[in-house]
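Reader: I am new to this structure. Can you teach me how to read it, feature by feature?

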Amino acid sequence: MRLPDWQSRLDAYIASARGRAYSPGEFDCCTACADVVYAVTGVDLMSDLRGTYNTDCGAYKLIRRLGGMSALLSSRLGPEIDPRIALPGDIGVGGDDGESAVFCLGSTWASVGSSGLTIVRPPKMAWRCHG
């Protein structure tokens, strides 16, 4: 369920993420999407995974162990939605590599990669943000 002030909380998170340096396990595509969900709902869907990796290799191994990015997001967020009906704060799988966790900003999507927070093409699949 979205918090009453979710939009201002999401805006504050996006503002704090701009210019932040990429850091596996601290600020990457997964942690950023979890932080977006937290801003919108107050629920940290990644609480059990935080601190379990600190390298790209560690992240890839964890995601693979959990069935891949799509399976991971489905297990945390439930059924898929059509990305064309996504709302700000909704989560998807896409990005430049097609397998990154991405989040909806409204008419655009963003993710975190080696260059930090970036705008990415719309995802191939998406999930509604809820706690």
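Author: Start with one pair of strands. β3 and β4 run antiparallel to each other and are joined by two bridges. This is a predicted model, so every value here is computed from it.

Reader: Which residues of β3 stand opposite residues of β4?

Author: Cys 104 stands opposite Trp 109 in β4. Phe 103 has Ala 110 of β4 as its bridge partner.

Reader: What links the two strands, and how many residues lie between them?

Author: β3 and β4 form a hairpin with four residues between the strands. In that hairpin, look at Gly 106: its phi is positive, near 125 degrees.

Reader: Where do β3 and β4 sit in the sheet as a whole?

Author: Read the strands across the sheet, not along the chain. The order is β1-β6-β2-β3-β4-β5. Six strands make up this open sheet, and their pairing is antiparallel.

Reader: Which strands stand at the edges?

Author: β1 (80-81) and β5 (116-120) do. Each has a single partner strand, so one side of each has no neighbour in the sheet.

Reader: How many bridges join β4 to its edge neighbour β5?

Author: Five bridges join them, and the two strands run antiparallel. One facing pair is Val 112 and Leu 117, the latter in β5. The hairpin of β4 and β5 has two residues between the strands.

Reader: And what about β2 and β3, how many bridges do they share?

Author: Strand β2 (residues 91-94) pairs with strand β3 (residues 100-104) over four bridges, again antiparallel. Gly 92 stands opposite Val 102 in β3. Five residues lie between the strands of this hairpin. Gly 95, in its turn, has a positive phi of about 80 degrees.

Reader: Which helix packs on the sheet?

Author: Helix α4 (residues 69-77) does, and it touches β2, β3 and β6 (125-127). The direction of α4 makes about 170 degrees with that of β2.

Reader: How should I read the two faces of a strand?

Author: Here is the general idea. Side chains in a regular strand alternate between the two faces of the sheet. Now the case of β3. Ser 100, Val 102 and Cys 104 are buried on one side, and Ala 101 and Phe 103 are buried on the other. Both faces of β3 are therefore covered. Five of the five residues of β3 are buried, so the rest of the structure largely encloses the strand.

Reader: How many residues of β4 are buried?

Author: Four of the five residues of strand β4 (residues 109-113) are, so β4 too is largely enclosed by the rest of the structure.

Reader: Let us turn to helices. How do I read those?

Author: Again, the idea comes first. An α-helix has 3.6 residues a turn, so residues three or four places apart point the same way. Next, check a length. Helix α2 (residues 29-41) has 13 residues, which at 1.5 Å a residue should span 18 Å. The end C-alpha atoms of α2 are 18 Å apart, which agrees.

Reader: Is α2 buried or exposed?

Author: Twelve of the 13 residues of α2 are buried, so the helix is largely enclosed by the rest of the structure. Its buried residues pack against α1 (6-17), α3 (56-65), α4, β2, β3 and β4.

Reader: Take Thr 31 in α2. Which residues is Thr 31 in contact with, leaving aside its neighbours within four places in sequence?

Author: They are Gly 25, Glu 26, Met 46, Arg 50 and Tyr 53. Thr 31 has 0% relative accessibility, so it counts as buried.

Reader: Where does Pro 24 lie?

Author: Pro 24 is in the loop between α1 and α2. At 17% relative accessibility, Pro 24 counts as buried, because the cut-off is under 20%. Beyond neighbours within four places in sequence, Pro 24 is in contact with Tyr 53, Asn 54, Thr 55 and Asp 56. Pro 24 and Ala 59 are 35 residues apart in sequence, yet 7.3 Å apart in space, C-alpha to C-alpha.

Reader: Last, the rings. How many aromatic pairs are found?

Author: A search of the whole structure finds zero. Two arginines do lie over ring faces. Arg 2 lies over Trp 6, at 4.5 Å from the ring centre. Arg 9 lies over Tyr 38, at 5.8 Å from the ring centre.

Key. Residues are numbered from 1 along each chain as its sequence is written. This is a predicted model: local features need pLDDT of at least 70, side-chain atom pairs count only at pLDDT 80 or more; totals for chains, interfaces and linings use all residues. Side-chain values use heavy atoms; hydrogens and water are left out. Rings of Phe, Tyr and Trp (its six-membered ring) pair if their centres lie within 6.5 Å; planes under 30 degrees apart count as stacked, over 60 as edge-to-face and the rest as tilted. A charge sits over a ring if NZ of Lys or CZ of Arg is within 6 Å of the ring centre and within 35 degrees of the ring normal. Two strands pair if DSSP finds at least two bridges between them. Contact means heavy atoms within 4.5 Å. Axes are lines fitted to C-alpha atoms, for helices over the stretch in contact, and angles run from 0 to 180 degrees between N-to-C directions. Buried means under 20% relative accessible area, exposed over 50%, partly exposed in between (1.4 Å probe, protein chains only). The expected span of a helix is 1.5 Å times one less than its number of residues.
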